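Subject: Structure for you to look at

Dear colleague,

I am passing on the structure we spoke about, and below it you will find my notes on what turned up when I went through it. Please read them with the structure open beside you.

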Amino acid sequence: MKEIKFRAWEKNLKEIIPVDNIDFEKRMINTGSAWRLFDEIELIQYTGLNDIDGNKIFDGDITEIDFGYGEVRRFVVKIKTVVREVVSHPSFSDETAKVAITGVVFEWKGFELFPCVDGNGDHDNESLMRVIGNIYENPKLLEGGQ
């Protein structure tokens, strides 16, 4: 089982800070050098995915794929629930069913894309994507590129 990792956006300092401990009862995080209240920060969860350079991908990161022929796509990484229609098992009365899926989603131009694996078993985030920033420190990266 993967270890759940977090970092935090410190609202007053306007910077990403490390999270060593979380005390949900007291609604506080420990950064290794100080405790911060939940009201002062926004928790940011590691998705369990890494980019082409081995960097951890976190909720709120901005990733980019350069396809090499002039097309570059930028994505906002989110951990969220999306509703999709799927084909039902033949024994079900309806041919399709709506399901709610919670997971990592790459948002691009209004689309909610899930991480994919190609025919060789390569993950697109590990073979194509690169983390270039995040929505907290680098929101301008999305201007015209998403």
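Y69 is found in the loop that runs between strands β8 (61-66) and β9 (72-87), and please keep in mind here and throughout that this is a predicted model. With a relative accessibility of 60%, Y69 counts as exposed, because the cut-off for that class is over 50%. Together with F67 and L128, Y69 makes a nonpolar patch of about 310 Å² on the surface.

Turning to the strands, there is an open sheet of four, which follow one another in the order β2-β1-β6-β7 with antiparallel pairing. At its edges lie β2 (15-18) and β7 (56-58), each of which pairs on one side only. From one strand to the next, the twist averages 40 degrees. Within this sheet, β1, which covers residues 6-10, pairs with β2 in the antiparallel sense over four bridges, and if you would like a place to find this pairing on the screen, A8 stands opposite I17 in β2.

The charged side chains took up most of my time. As general background, side chains of opposite charge can pair when their charged atoms come close. A search of the whole structure finds nine salt bridges, and I describe some of them here.

One of them joins E64 and R74, whose closest N and O atoms are 2.7 Å apart. This pair links distant parts of the chain, since E64 belongs to strand β8 and R74 to strand β9, with their positions 10 residues apart in numbering. R74 has a relative accessible area of 21% and is therefore partly exposed, given that buried would require a value under 20%.

A salt bridge also brings together the side chains of E71 and R73, again with an N to O distance of 2.7 Å. Both partners are partly exposed, E71 with a relative accessible area of 25% and R73 with a relative accessibility of 23%.

The side chains of E112 and R84 meet in a further salt bridge, at 3.7 Å from N to O. Here too the pair links distant parts of the chain, with E112 in strand β11 (residues 111-113) and R84 in strand β9, 28 residues apart. E112 is partly exposed, with a relative accessible area of 27%, and R84, at 26% relative accessibility, also counts as partly exposed. This pair does not stand alone, in that K78, K80, R84, E107 and E112 are linked in a network of salt bridges.

Finally, a word on the backbone. Most residues other than glycine have a negative phi, and against that background you may wish to look at two residues in loops. R27, in the loop between β3 (21-23) and β4 (28-30), has a positive phi near 55 degrees although R27 is not a glycine. With a relative accessible area of 46%, R27 is partly exposed. K109, in the loop between β10 (96-108) and β11, likewise has a positive phi, near 50 degrees, in a residue other than glycine. K109 is exposed, because its relative accessible area of 56% lies over the 50% cut-off.

With best wishes

Terms used: Residues are numbered from 1 along each chain as its sequence is written. This is a predicted model: local features need pLDDT of at least 70, side-chain atom pairs count only at pLDDT 80 or more; totals for chains, interfaces and linings use all residues. Side-chain values use heavy atoms; hydrogens and water are left out. Patches are made of residues with over 30% relative accessible area and no salt bridge: like charges are joined within 9 Å, nonpolar side chains (Val, Leu, Ile, Met, Phe, Trp, Tyr) within 5 Å. Accessible areas come from the Shrake-Rupley method with a 1.4 Å probe; for residues, only the protein chains shown count as cover. A salt bridge is a side-chain nitrogen of Lys or Arg within 4 Å of a carboxyl oxygen of Asp or Glu. Helices (H or I, at least four residues) and strands (E, at least two) are DSSP runs, numbered from the N terminus. Buried means under 20% relative accessible area, exposed over 50%, partly exposed in between (1.4 Å probe, protein chains only). Two strands pair if DSSP finds at least two bridges between them. Axes are lines fitted to C-alpha atoms, for helices over the stretch in contact, and angles run from 0 to 180 degrees between N-to-C directions.
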